[in-house]
Amino acid sequence: MTVSQAKEYYLQTREKENAFGLCWFLSSLDTETGVMPPRAIDFRSRQLSALSDMQYDMTTSDTYREAVATLAAAADTLDPALAHEIVCKQEAIENLRRVPKEEYLAFTDLQSRAYPAYVEAKQKSDFSLFLPYLDKIFRYCRKYAGWVGRDGREGYDVYLHMFEPGYTAADYDRFFALIKEKIVPLVQKVAKTQKPLPEFAKKTYPVEGQKRFAAYLQKVMCFDPERTAMLESEHPFTANNGSHDVRITNHYYEDNLFSFIFSAIHEMGHGLYELQVAPELEGTGCGGGASLALHESQSRLMENMIGRSPAFWETHFPALQAVFPEQLAGVTAAEFTACINRAECSLIRTEADELTYPLHVLIRYEIEKEVMAGQLEAADIPAAWNAKYKAYLGVDVPSDREGCLQDMHWAGGDVGYFPTYALGSAYAAQIYHAMSRDLDIDAALREGSVKKVADWLCEHLHKYGASKYPKELILLATGEPFDPHYYVDYLLRKYGGEAHA
Ligand SMILES: [Zn+2]
């Protein structure tokens, strides 16, 4: 096969892969937004299995493998983005070929059955309903690491690299050691001095008003309505099909004013990243965000550093007050800002404040590490979970619903995903620091939208899409390699009045 034949074959196959991508996109949206009726699951599972089967054959075929290998050998003659894509593709094909087909298909089936079982277990707060699935999932994950591990990468490292290329348990160990050393004591100090919630935070906020304010936020966040949609789901998330179809979901609770606001800003931060990838990368393997942690850095930067800042709420609190004039009567922007920056030890990761957040992730990281090392079994998860929440956050876990059943990640086999959340927060602090050298961020926010912040992010990070590895992108965006001290310093300054970890 010549290089030009290889390229032609590769590009044709990539279009077909994109078509499979559309099926996964629509099907998972349908499941997670509750549109699919519960009893549709059996037929749907068979259809998805058949699609997986076709996709598996296509991407593991000898011709495709040869095309990718031919292009990899000629990488220095290719456009740099395509060359990067080919290196990543070659690795992905090799991973897939190492997994026995019947195991791969059985696991796809297990994933689609585990999710509804997980949802039921969570609703009933009954871990035993999920245990048989989780047990199979963890066993598969250990086997998968054995099949796919190579070049000195094994066990948990296989999964960590899958979700954040280039990172190993050794990298995360250093990062979490700093969190443990500096943040665990700070959390314990802050928890003791926490003021009670102000009265306005306990009022009722009708959903209709929340939706109106969400629409207002869409303008503030420059979230182009021509290319986006806002839906509802149990867990807020962002899903996209290219850079012209970016969908976010939210969940509205009448007794919680803050949940929808910060979920919306968070998901729009993810969405902006997808919207701002250079248009020529759409439909290539370099379209979309580069990694989970980089994605999370964009949502957390918007949610916490922008969306909880005094400058943001000096500008937008009057609009919120206009939607809820009775509930927010007499409340000032400063009081509101103080309230949204409270730190408190709590049970639920997705509702946690930014100070305690990394400890929720640390707990999951330590558990996954033991699971992948074969030191912890699925049946041991609730006890391990509850003990770590007591040790790091000082809280007693009253039920598995508020404990180890709160997150859906393990139901999909996504071991190694959680650590990227904390790494993303740390990237965000470093990126914010770099941005503040070029831009008066507060003055930019007082202009009424995040336009200038979004433009800076586009120029320094978003436009590159996934055309480089995360470590290279951090270097490009901030001028230096990843350094967790920016994050720890930021938290110490904000919550402890100190700096220089
Ligand atoms: Zn996120």
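**Group meeting: a walk from strand E3 outwards**

Okay, let's start on strand E3: Val246, Ile248 and Asn250 point one way, Arg247 and Thr249 point the other way, and all of them are buried. Before I go on, keep in mind that this is a predicted model.

So how enclosed is E3, which covers residues 246-250? Five of its five residues are buried, so the strand is largely enclosed by the rest of the structure.

Now for its partners. Strand E1, residues 228-232, pairs with E3 in the parallel sense, over five bridges. Strand E2, residues 238-240, pairs with E3 too, but in the antiparallel sense and over three bridges. If you want one residue to click on, take Arg247 in E3: Ala229 stands opposite it, and Ala239 stands opposite it as well. E2 and E3 form a hairpin with five residues between the strands, and there Gly242 takes a positive phi near 75°.

Okay, zooming out. The protein has 20 helices to go with its three strands. The radius of gyration comes to 23 Å, close to the 23 Å that the globule rule gives for 501 residues, so the protein is as compact as a globular protein of that length. Along the principal axes, the C-alpha trace spans about 70 × 50 × 45 Å. Buried residues make up 38% of the 501. And for those of you who like contact maps: take the contacts between residues at least 6 apart in sequence, and 72% of them join residues at least 24 apart.

One helix I'd like to show you is H16, residues 419-438. With 20 residues, H16 reaches 30 Å from its first C-alpha to its last, close to the 28 Å expected at 1.5 Å a residue. H16 is also mostly covered, with 15 of its 20 residues buried.

Last bit, the domains. The domain assignment gives domain 1 as 3-98, and domain 2 as 199-343 plus 432-468. Their C-alpha centres lie 31 Å apart. How many residues are in contact between the two? On the domain 1 side there are 14, and they touch 15 residues of domain 2. Helices H1 (3-32) and H4 (80-98) each supply at least two residues of that domain 1 side. H1 gives the largest share, seven residues. By class, the domain 1 side has five nonpolar, six polar and three charged residues.

That's my tour, thanks everyone.

Conventions:
Residues numbered from 1 in each chain as written. Predicted model: local features only at pLDDT ≥ 70, side-chain atom pairs only at ≥ 80, totals over all residues. Helix = DSSP H or I, 4+ residues; strand = E, 2+ residues; numbered from the N terminus. Expected span 1.5 Å × (residues − 1). Buried ≥ 20, exposed ≤ 12 C-beta atoms within 10 Å, placed from the backbone. Domains from an automatic or database assignment. Contact = placed C-beta atoms within 7 Å. Nonpolar A, V, L, I, M, F, W, Y, C, P; charged D, E, K, R; others polar. Rg over C-alpha atoms; globule rule 2.2 N^0.38 Å. Pairing = 2+ DSSP bridges.
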